[in-house]
Amino acid sequence: MDRSPVFDLLRADGPFPEHAARLATFGHFVGSWDIDGIWFQADGSRRTGRGEWHFAWILGGAGIQDVLFAAGGAPHQYGSTLRCYDKAIDAWHLAWMQPASGEFVNLIGRAVGDRIVCESVDPPPRRRWSFTDITPDSFRWTGEVSYDEGASWFLEQEMSAIRRRGA
């Protein structure tokens, strides 16, 4: 079998030097994380799960791609986000894809104080994904949705991440 070089070509060793400071917004997530997740339902019920989240530099260091999946999960529980910095708008374009479940979301992300806030650019409903409580070894991610153009938000998902040692 002929091995395609696409993954070798995609990978980068670090951030693109010219924009290294701006690329640090998501750059400090590069590595592997164990996650605990909670999914909230409109009826007040919830379910929990564990998973893994892996981030890596790509495209000459101008972007970061991740793979997120539930530990031991079925293929439909795998997803990936492509994040690329756009110097013209001083923000990040994000594209989340979970093809097996039909979920595709496009967002714009920026640092806002000590948080990173990503807001959807897709048609309604609006989505807001935030990274908070960021330390070198942990962070919290929340996924919210609004059905009224941002007047109110419903917390759909929350994940707590702990960096894997030696990864």
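## Exercises: charge pairs, core and cysteines

Asp66 is buried, at 0% relative accessibility (buried means under 20% relative accessible area, exposed over 50%, partly exposed in between; 1.4 Å probe, protein chains only). The model is predicted: local features need pLDDT of at least 70, side-chain atom pairs count only at pLDDT 80 or more, and totals for chains, interfaces and linings use all residues. Residues are numbered from 1 along each chain as its sequence is written, and side-chain values use heavy atoms, with hydrogens and water left out.

**Exercise 1.** Find the salt-bridge partner of Asp66 and place both residues.

*Solution.*
- Apply the rule: a side-chain nitrogen of Lys or Arg within 4 Å of a carboxyl oxygen of Asp or Glu.
- Arg83 meets Asp66 at 2.4 Å, N to O.
- Asp66 sits in strand β3 (residues 63–70) and Arg83 in strand β4 (residues 78–86), 17 residues apart. Strands are DSSP runs (E, at least two residues), numbered from the N terminus.
- Arg83 is buried too, with a relative accessible area of 2%.

**Exercise 2.** Analyse the salt bridge between Asp36 and Arg50.

*Solution.*
- The closest N and O atoms are 2.8 Å apart.
- Asp36 belongs to strand β1 (residues 31–40) and Arg50 to strand β2 (residues 46–58), so the bridge ties together parts 14 residues apart in sequence.
- Asp36 is partly exposed at 37% relative accessibility. Arg50 is exposed at 55%.

**Exercise 3.** Trace the network that contains Arg164.

*Solution.*
- Start with Arg164 and Glu52: their side chains form a salt bridge at 3.1 Å, N to O.
- Arg164 lies in the segment after β10 (154–163), Glu52 in strand β2, and 112 residues separate them.
- Arg164 is partly exposed at 26%, whereas Glu52 is buried at 18%.
- Add Asp34: shared partners join Asp34, Glu52 and Arg164 into one network.
- For the whole structure, the count is 12 salt bridges.

**Exercise 4.** Describe the largest nonpolar core and the contacts of Phe29.

*Solution.*
- Such a core is a set of buried Ala, Val, Leu, Ile, Met, Phe, Trp, Tyr and Cys residues joined through side-chain atoms within 4.5 Å.
- The largest has 25 residues; Phe26, Phe29, Trp53, Phe131 and Phe139 have the most contacts inside it.
- Set aside neighbours within four places in sequence. Phe29 then contacts Phe55, Ile116, Phe131, Ile134, Phe139 and Arg163 (heavy atoms within 4.5 Å).

**Exercise 5.** Decide whether Cys84 is in a disulfide or in none.

*Solution.*
- The test is a pair of cysteine sulfur atoms within 2.5 Å.
- The structure holds 0 disulfides. For Cys84, the nearest cysteine sulfur is that of Cys118, 13 Å away.
- Cys84 is partly exposed at 21%; Cys118 is buried at 1%.

Methods
Helix = DSSP H or I, 4+ residues; strand = E, 2+ residues; numbered from the N terminus.
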